[in-house]
Amino acid sequence: MTAFGQRVAFVDRDRLVETVRTLRHEGWIQCLDVTGVDYLTSPRRSLPAGVAPERFEVVVTLINHTLGERLRLRVQVPEGDPEVPSLFNEHPGSEAMEREVFDMFGISFSGHPDLTRILMPEDWKGHPLRKDYAVGRIPVQFKDAPGPR
């Protein structure tokens with residue numbers, strides 16, 4: 001499948017590491033991105049036959065410099081078990097990206113060497129990029145501006 005000029009493959013989360021390892025041997029040597037998506041408010045999306053939609057998705061972008069192409073791997077992640085194996089052993093640079101997904105979406109990466117918050121304070125409750133996360137309001141006081149009345 002292709003989307004926006006990139007090849008897209010749907011990978012079962014239990015086969016993610018094996019797939020990435022195989023792709024690495026085929027020339028897909030750099031992991032450009034690991035991110036998450038929450039489809040809670042947008043359950044309809046384009047999926048091939050045989051791929052069951054889940055609330056969350058982890059998206060991994062790989063590049064093959066020889067071909068000059070990118071490959072997007074889409075992994076469905078169930079809400080009741082939001083965990084995916086870490087790609088750290090295959091692509092050590094993915095460590096911080098996986099921490100961001102964990103911090104913002106609450107998706108864990110099994111086998112990750114230091115799965116802790118990276119953007120939010122350690123004592124922060126919740127995961128801000130989840131669609132059911134309550135949007136709060138923090139008042140901002142600008143320097144030399146009059147305070148609230």
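How many bridges join β1 to strand β2, and which way do the two run? Two bridges join them, and the strands run antiparallel. Hi everyone, that's my way into the sheet. One thing before I go on: this is a predicted model.

So, staying with that first pair, T2 stands opposite R7 in β2. The loop between β1 and β2 is where we find F4. F4 has a positive phi of about 55 degrees, and it's not a glycine. Why point that out? Most residues other than glycine have a negative phi. F4 also counts as exposed, because its relative accessibility is 83%.

Okay, let's zoom out to the sheet. Five strands make an open sheet, in the order β1-β2-β5-β4-β3, and the pairing is mixed. At the edges we have β1, which is residues 2–3, and β3, and each of those pairs on one side only. If you're new to sheets, strands pair through backbone hydrogen bonds, either parallel or antiparallel.

Now look at β4. On one side, eight bridges join β3 to β4, and the two run antiparallel. One place to look is C31, which stands opposite L62 in β4. Then β4 pairs with β5, again antiparallel, over nine bridges. There, V60 has L73 in β5 as its bridge partner. β4 and β5 form a hairpin with four residues between them. In that turn, G68 has a positive phi of about 65 degrees.

Is β4 covered or open? Mostly covered: nine of its nine residues are buried. Remember that in a regular strand the side chains alternate between the two faces of the sheet. In β4, one side has F56, V58, V60, L62 and N64, and the other has E57, V59, T61 and I63, and they're all buried. Both faces are covered, then.

What about the helices? α1 packs on the sheet and touches β4 and β5. The direction of α1 makes about 170 degrees with that of β5. α2 lies across β3 and β4, and runs at about 5 degrees to β3.

Next up, charges. Side chains of opposite charge can pair when their charged atoms come close. How many salt bridges does a search of the whole structure find? It finds 12, and I'll walk you through a few.

Let's start with R21 and E90, whose closest N and O atoms are 2.9 Å apart. R21 sits in helix α1, residues 16–25, while E90 is in the loop between β6 and α2, so this salt bridge links parts of the chain that are 69 residues apart. R21 is partly exposed, with a relative accessible area of 38%. E90, on the other hand, is buried, at 13%.

The next one is R55 with E79, at 2.8 Å from N to O. Here R55 is in the loop between β3 and β4, and E79 is in the loop between β5 and β6, 24 residues apart. R55 is the buried partner, with a relative accessible area of 9%. E79 is partly exposed, at 46%.

My third pair takes us back to the hairpin. E57 and R74 meet in a salt bridge, 2.8 Å from N to O. E57 lies in β4 and R74 in β5, so the pair ties together parts that are 17 residues apart in sequence. Both of these residues are buried. And there's a network too: salt bridges that share partners join D38, R55, E79 and D132.

A quick word on rings. How many aromatic pairs does the structure hold? Zero. But do find Y39, because the charged end of R45 sits over its ring, 3.8 Å from the centre.

Last stop, P128. P128 lies in the segment after β7, which is residues 108–110. At 23% relative accessibility, P128 counts as partly exposed. Leaving aside neighbours within four places in sequence, which residues is P128 in contact with? Those are D103, M104, M120 and Y133. For a sense of distance, try E69: the C-alpha atoms of P128 and E69 are separated by 32 Å, and the two are 59 residues apart along the chain.

That's my tour, thanks for listening!

Key
Residues are numbered from 1 along each chain as its sequence is written. This is a predicted model: local features need pLDDT of at least 70, side-chain atom pairs count only at pLDDT 80 or more; totals for chains, interfaces and linings use all residues. Side-chain values use heavy atoms; hydrogens and water are left out. A salt bridge is a side-chain nitrogen of Lys or Arg within 4 Å of a carboxyl oxygen of Asp or Glu. Buried means under 20% relative accessible area, exposed over 50%, partly exposed in between (1.4 Å probe, protein chains only). Rings of Phe, Tyr and Trp (its six-membered ring) pair if their centres lie within 6.5 Å; planes under 30 degrees apart count as stacked, over 60 as edge-to-face and the rest as tilted. A charge sits over a ring if NZ of Lys or CZ of Arg is within 6 Å of the ring centre and within 35 degrees of the ring normal. Two strands pair if DSSP finds at least two bridges between them. Contact means heavy atoms within 4.5 Å. Axes are lines fitted to C-alpha atoms, for helices over the stretch in contact, and angles run from 0 to 180 degrees between N-to-C directions.
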